[in-house]
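Q: Could you take me through a structure, one chain at a time?
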Amino acid sequence: MELDAIFTASVFASAIRLATPYIFAALGETFAQRSGVLNLGVDGMMLMGAFTGFYAVFITQQEGTLSEPLSLLFGVLIALIVGGLMGLAMAFVSVTLKAKQGISGIGVYLFGLGLSELLFQQWVGTPKSVSGFPRITFPYLSDIPVLGQIFFHHNLLVYVAFALVPISAFVLNRTTFGLMIRAVGQNPEAADAMGVSVARVRYATTTIGGMLAGLAGASLSIALINLFQQNLTAGQGFIAVALVYFGGWRPWAVAAGAMLFSFVNALQLQIKVIGLDIPSEFAVMAPYVITIIALVFASKRQEQPTALTKPYERGE
Amino acid sequence: MIVALVLALLVASVLLLALNANPLEAYAAMWEGAAGKENATAETLVKATPILFVGIGITIAFRGGMINIGGEGQMIAGALAGVTIALILGEMRVPPELAKEKGAFDLIIVTCSLIGGFLAGALYGGLAGFLKAYFDVNEILSTIMLNQIAVQMMNFLLNGILLDPAEAGVNNIPKTARLVTAAQLPRLSLPIGDPHLFARTRLHWGLIIAIVLAVIIYIFLWRTSLGYRIRAVGENQRASSYAGINVKRQMMFSMFLAGGFAGLAGVVQVLGLQYRLQTDGSPAGFTGAAGFNGIVAALFGGLNPIGAIPAAAFFGGLLVGAQKMQRELGVPASLITAVNGLIVVFVVSSEIFILQRSKRRVSLQETPDNLGSGGGKPADRASPDEGSG
């Protein structure tokens with residue numbers, strides 16, 4: 001086998017894996033923002049999803065109450081529920097109480113950061129690993145040289161994440177629900193006049209966003225890294241929010257941004273592995289620098305939902 | 001504010017009960033740990049100092065309609081610049097004929113370091129303001145990215161040219177050399193009792209500097225035309241630009257000042273407390289999350305620099321008290337991070353009630369209108385409720 005062939009294939013494969021949490025979280029955030037809610041608490045929701053999902057798997061595997069596949073699905077379910085509840089809370093704060101979304105999101109983030117760490121220290125203590133989602137291999141497909149390694153050696157959640165991209169695009173662009181989301185985010189008065197409940201749509205999207213953020217966290221703690229530790233996400237939720245801006249609120253472009261970002265990340269890890277003479281700090285820094293540059297260019301062609309961050313008040 | 005606090009404490013009590021801890025015991029332990037003894041009070045004030053600096057800066061930014069989440073990165077930028085200046089100037093020899101004036105030289109070293117720290121933080125914050133003003137980059141996102149970049153920059157410098165020569169090769173915790181005494185901020189004690197109050201604690205002059213600056217910034221924001229312009233832009237960008245205010249410049253300026261205060265928080269932490277810059281490599285390794293806690297203190301202080309003083313003392317006390325609670329009841333101190341988050345949510349959520357009350361009188365809002373309108377171009381759009389209200 002040739003050395004550089006292995007490297008490129010494994011870098012691409014790990015880029016795909018690393019993109020999973022970003023795709024989940026950023027797609028969820030796309031729904032919320034298209035309806036006019038800026039949810040900045042994504043990272044906190046990811047942390048809570050990551051911890052509770054991990055803990056559900058940890059407990060059920062340790063006590064042997066559930067078989068391995070069932071315990072993993074149970075973990076996913078718990079992460080979805082916890083993320084959804086936090087999304088619901090965020091919706092209550094920003095839709096019903098009309099709180100400033102930027103700051104309240106930071107509050108939700110701090111809450112998730114603190115609570116996940118608190119529960120982790122109290123219930124688990126030190127980082128322990130679980131056996132997470134196994135890699136799935138497909139007959140024939142996985143054996144294709146290079147391509148098989150890049151595309152067909154991943155765990156279930158990776159495929160779910162990528163499947164969600166066309167599904168999200170379809171829901172947003174081709175369904176009545178998607179039309180309502182876009183209407184509420186673009187022109188809430190008109191949507192209201194047409195009989196669409198602005199509040200209900202925003203509650204729905206923010207809750208969906210929370211669920212996907214929870215799932216994003218779980219994809220780290222029970223599929224990618226298979227353990228939980230303090231501040232596991234290290235700000236990935238904020239990157240996901242940036243990716244939504246970068247992708248211009250369109251699912252395909254958002255996912256492409258996630259791929260680009262995680263590819264840079266995978267390269268960065270690779271640089272460390274093969275010991276290139278670049279200080280590792282600069283390699284770690286690179287994705288963030290690129291995100292800022294990407295935001296500079298993304299803002300030039302901005303088609304931001306008009307009502308983003310603006311609470312809706314009915315004119316009497 | 002009080003309602004938000006009570007609600008947050010209620011939720012915290014539920015959490016404590018869920019963790020099998022008696023909330024009353026927990027709060028008693030926290031009070032004991034935060035204010036029980038002379039040293040406890042001093043530690044509370046020591047923790048409050050960087051929070052107050054950041055809180056003053058956040059107040060300016062939020063008043064100017066800029067959501068600055070970059071306190072962490074700006075602290076690091078300030079600390080890096082400040083410690084570099086202090087290390088270089090600290091090496092210089094005072095000419096023998098001027099040895100009498102040693103005190104003045106020490107003052108110069110400290111002043112230069114503080115100014116350097118302020119400027120570095122200010123430029124780092126101003127960068128986010130610049131990107132917002134001219135490229136419409138959401139400042140929340142850019143400051144968060146800049147935080148991560150600053151941490152890596154710090155790790156790079158502390159492992160490289162700033163590394164303590166004595167530590168080279170050993171390299172357990174990356175840190176700079178210790179500052180010479182001349183470059184340190186003096187300890188602070190009050191001439192009460194014998195020995196003087198706080199004489200045997202880590203309390204330092206940073207606290208006094210922060211309090212004085214809080215008063216100055218209050219005057220600046222409410223009694224000068226420059227401060228008025230910042231607030232005007234925060235209240236209504238469109239009206240401000242019609243009134244002839246250069247909105248872009250004010251956006252950058254408020255971020256510049258906000259970053260500067262966070263930079264001061266960083267450099268004061270080095271000069272007054274640690275006497276060297278060191279990190280465990282994690283984002284909060286140096287700042288102790290003061291960049292985030294400053295946001296909480298600023299909101300809790302009603303976005304008023306004077307109000308930020310008691311708010312910072314309160315959150316300093318929470319942090320110190322939580323450590324005592326962790327030791328005595330075994331409840332992890334990270335409870336406080338969660339409580340801080342709740343306080344933020346409750347404070348911004350309660351604005352609807354304040355708003356409704358004030359709408360009945362004159363429509364004067366508690367916080368600027370543009371807060372929260374993250375990446376938009378608020379200047380060219382009316383919010384949907386403006387026309388109908």
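A: The answers below cover chain A, its contact with chain B, and one helix of chain B.
This is a predicted model, in which local features need pLDDT of at least 70, side-chain atom pairs count only at pLDDT 80 or more, and totals for chains, interfaces and linings use all residues. Residues are numbered from 1 along each chain as its sequence is written, while chains are lettered from A and ligands numbered from 1 in the order in which they are written.

Q: How many helices and strands are in chain A?
A: Chain A has 12 helices and 0 strands, where helices (H or I, at least four residues) and strands (E, at least two) are DSSP runs numbered from the N terminus.

Q: What share of chain A is buried?
A: Buried residues are 54% of its 316 residues; a residue is buried if 20 or more other C-beta atoms, placed from the backbone, lie within 10 Å of its own.

Q: Now the contact: how many residues does each chain give?
A: Chain B gives 47 residues and chain A gives 53, two residues being in contact if their C-beta atoms, placed from the backbone, lie within 7 Å.

Q: Which element gives the largest share on the side of chain B?
A: That is α14(B), with 11 residues.

Q: Switching to α8 of chain B, which residues are buried there?
A: In this helix, residues 225–235, they are B:G227, B:R229, B:I230, B:A232, B:V233 and B:G234.

Q: What do they pack against?
A: The buried residues of α8(B) pack against α3 (38–63), α7 (206–223), α9 (237–242) and α10 (247–274) of chain B.

Terms used:
Buried ≥ 20, exposed ≤ 12 C-beta atoms within 10 Å, placed from the backbone.
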